[in-house]
Amino acid sequence: MTPHKKAAYEIVHEYYFMLPNNGSLNEGINSCDSRYKEAIECALLSVKRLILTLEFMLVENNDSYIMDRINFYDEVTSELYGIKNSDSKLSWKDLMEVFKK
């Protein structure tokens, strides 16, 4: 798993576990399925805001490290859209890698 994909899944799972749950896998507004879709949207929004903040920082301080971070989070955004547009689920091995510190 690439660092970008790992970061994307970490952000999605952070939001997923913060959202309310009604205990149903796929029925209702707070089902696991709808909660996961909402977590992806939250992740996309937060990464977009992070990139905007980094771009403002880059204007004031033309540092290559900031540009590296922008490029990193652009890749994370691409991974998030990949997650959003696919039905593929993580394998247990990949899931364990996401939560490994």
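This passage describes the fold, the core and selected side-chain contacts of a predicted model.

The protein chain contains 4 helices and 0 strands. From the N terminus on, its elements run α-α-α-α. Along the principal axes, the C-alpha atoms fill a box of roughly 50 × 30 × 25 Å. The chain has 101 residues, and buried residues make up 29% of them. Many contacts link distant parts of the sequence. Among contacts with a separation of 6 or more, 61% join residues that are 24 or more positions apart.

Helix α2 was examined next. This helix has 29 residues. From its first C-alpha to its last, α2 reaches 42 Å, close to the 42 Å expected at 1.5 Å a residue. Its buried residues are Cys32, Arg35, Ala39, Ile40, Ala43, Leu44, Val47, Ile51, Leu54 and Leu58. An α-helix has 3.6 residues a turn, so residues three or four places apart point the same way. The cover over the buried residues of α2 includes α1 and α3.

The largest nonpolar core holds 24 residues. Within this core, Val12, Val47, Ile70, Tyr73, Val76, Leu80 and Ile83 touch the most other members. Helices α1, α2 (32-60) and α3 (64-84) each supply at least two residues of the core. The largest share comes from α2, with 9 residues. In soluble globular proteins, nonpolar side chains tend to be buried together.

Two core residues show how the helices meet. Valine 12 is placed in helix α1. Its relative accessibility is 0%, so valine 12 counts as buried. Beyond its neighbours within four places in sequence, valine 12 is in contact with Tyr36, Ala39, Ile40, Ala43 and Leu80. The C-alpha atoms of valine 12 and leucine 44 are separated by 8.7 Å, although these residues are 32 residues apart along the chain. The second example is valine 76. With neighbours within four places again left aside, valine 76 is in contact with His4, Ala7, Ala8, Ile11 and Val47.

Histidine 13 follows valine 12 in the sequence. Histidine 13 lies in helix α1, which spans residues 3-18. Its relative accessible area is 8%, so histidine 13 is buried. A polar atom of the histidine 13 side chain lies 2.7 Å from the backbone oxygen of tyrosine 9. Outside its neighbours within four places in sequence, histidine 13 is in contact with Tyr36, Leu90, Leu95, Val98 and Phe99. Tyr36 thus appears in the contacts of valine 12 and in those of histidine 13.

Aromatic rings were considered next. The count comes to 3 aromatic pairs. Tyrosine 16 and phenylalanine 17 form an edge-to-face pair, 5.1 Å centre to centre with 80° between the planes. Tyrosine 16 is buried, with a relative accessible area of 12%. Phenylalanine 17 is exposed, with a relative accessible area of 55%. Tyrosine 16 also forms an edge-to-face pair with tyrosine 36, 5.8 Å centre to centre and with 70° between the planes. Tyrosine 16 lies in helix α1 and tyrosine 36 in helix α2, so this pair ties together parts that are 20 residues apart in sequence. Tyrosine 36 is partly exposed, at 22% relative accessible area. Through ring pairs, Tyr16, Phe17 and Tyr36 are linked into a cluster.

Charged side chains also meet rings. The charged end of arginine 35 sits over the ring of tyrosine 16, 3.8 Å from its centre. Arginine 35 is itself among the buried residues of α2. The charged end of arginine 69 sits over the ring of phenylalanine 72, 4.6 Å from its centre.

A further polar contact involves glutamate 41. Glutamate 41 lies in helix α2. This residue is partly exposed, with a relative accessible area of 38%. The side chain of glutamate 41 makes a polar contact with the side chain of lysine 84, at 2.8 Å. Glutamate 41 and tyrosine 81 are 40 residues apart along the chain, and their C-alpha atoms are separated by 9.3 Å.

Key
Residues are numbered from 1 along each chain as its sequence is written. Side-chain values use heavy atoms; hydrogens and water are left out. Buried means under 20% relative accessible area, exposed over 50%, partly exposed in between (1.4 Å probe, protein chains only). A polar contact is a pair of N or O atoms within 3.5 Å; within protein, one must be able to donate a hydrogen and the other to accept it, and residues adjacent in sequence count only if both atoms are side-chain atoms. Contact means heavy atoms within 4.5 Å. A nonpolar core is a set of buried Ala, Val, Leu, Ile, Met, Phe, Trp, Tyr and Cys residues joined through side-chain atoms within 4.5 Å. The expected span of a helix is 1.5 Å times one less than its number of residues. Rings of Phe, Tyr and Trp (its six-membered ring) pair if their centres lie within 6.5 Å; planes under 30 degrees apart count as stacked, over 60 as edge-to-face and the rest as tilted. A charge sits over a ring if NZ of Lys or CZ of Arg is within 6 Å of the ring centre and within 35 degrees of the ring normal.
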